[in-house]
Amino acid sequence: MMEMNMGEMITIPLDEYRNLKAAVDELADLRTYDRAMTDIAAGRDELVPADVAKRLVSGENPLRVWREFRGMTQATLSSASGVNRVQIADIEAGRKKGSVETVCKLAAALQVGVEDLV
């Protein structure tokens with residue numbers, strides 16, 4: 001193995017450099033994929049359908065999207081979270097934000113991270 005000092009340079013053909021760069025990028029993508037699959041298998045993450053992702057990306061209220069994805073009514077979510085149904089309706093309609101405590105309760109009941117609701 002050859003040892004290099006700071007300031008030393010190696011010259012390689014541009015095509016070889018591009019191929020090495022592409023291989024590094026592909027390896028990074030594969031590692032990210034492997035981490036995601038490990039998290040899914042361990043129950044730390046989940047796959048969501050494309051229509052759910054599209055609704056979230058389009059700016060639809062995340063509380064409503066996750067509630068409907070979980071197959072819950074506002075009343076069911078209220079019972080599961082301990083948050084008043086009217087407060088849930090107000091948050092979904094954008095009339096109120098909900099306190100940190102409220103959002104934490106809703107996130108726990110929906111089995112999502114708080115960041116998924118804000």
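Reader: Which helices each supply at least two residues of the lining of the largest pocket?
Author: Heads up: this is a predicted model, in which local features need pLDDT of at least 70, side-chain atom pairs count only at pLDDT 80 or more, and totals for chains, interfaces and linings use all residues. Residues are numbered from 1 along each chain as its sequence is written, and side-chain values use heavy atoms, leaving out hydrogens and water. A pocket is an open set of 1 Å grid points where a 1.4 Å probe fits, with protein on both sides within 12 Å along at least five of seven lines, and lining residues have an atom within 4 Å of a point. The helices you want (DSSP runs of H or I, at least four residues, numbered from the N terminus) are α3 and α6.

Reader: How many residues of that lining are nonpolar, polar and charged?
Author: The lining includes L63, I91 and L106, along with K96 and K97. Ala, Val, Leu, Ile, Met, Phe, Trp, Tyr, Cys and Pro count as nonpolar, Asp, Glu, Lys and Arg as charged, and the others as polar. The split is seven nonpolar, three polar and two charged.

Reader: Which helix gives the largest share of the largest nonpolar core?
Author: That core has 13 residues, and L63, L77, I88, L106, L110, V112 and L117 have the most contacts inside it. (A core joins buried Ala, Val, Leu, Ile, Met, Phe, Trp, Tyr and Cys through side-chain atoms within 4.5 Å; buried is under 20% relative accessible area, exposed over 50%, partly exposed in between, with a 1.4 Å probe and protein chains only.) At least two core residues come from each of α3, α5 (85-93) and α6 (100-110). The largest share, four residues, belongs to α6.

Reader: Which residues does L117 touch, leaving aside neighbours within four places in sequence?
Author: L117 has a double role: it is among the core residues with the most contacts, and it also lines the largest pocket. Contact here means heavy atoms within 4.5 Å. By that rule, L117 touches P62, L63, W66, V103, L106, A107, L110 and V112.

Reader: Why are the buried residues of α4 on the same side?
Author: In α4 (residues 74-81), the buried ones are Q74, L77, S78 and S81. They sit on the same side because they cover an arc (directions from the helix axis to the C-beta atoms) of only 105°. Their cover includes α3, α5 and α6.

Reader: Is R67 buried or exposed?
Author: R67 lies in α3 (residues 62-69). Beyond its neighbours within four places in sequence, R67 contacts M72, T73, Q74, L77, E92 and L110. Its relative accessibility is 8%, so R67 counts as buried.

Reader: What is the phi of Q111 near?
Author: Q111 sits in the segment after α6, and at 64% relative accessible area it's exposed. Most residues other than glycine have a negative phi. Q111 isn't a glycine, yet its phi is positive, near 60°.

Reader: And what is the phi near for the residue that follows α4?
Author: The residue there is G82. Its phi is positive, near 80°.

Reader: How far apart are the C-alpha atoms of Q87 and T102?
Author: Q87 belongs to α5 and is partly exposed, at 28% relative accessible area. Along the chain, Q87 and T102 are 15 residues apart. Their C-alpha atoms are separated by 9.2 Å.

Reader: How far apart in space are L27 and P13?
Author: L27 lies in α1 (residues 14-41) and, with a relative accessible area of 39%, is partly exposed. L27 and P13 are 14 residues apart in sequence. From C-alpha to C-alpha, they are apart by 21 Å.
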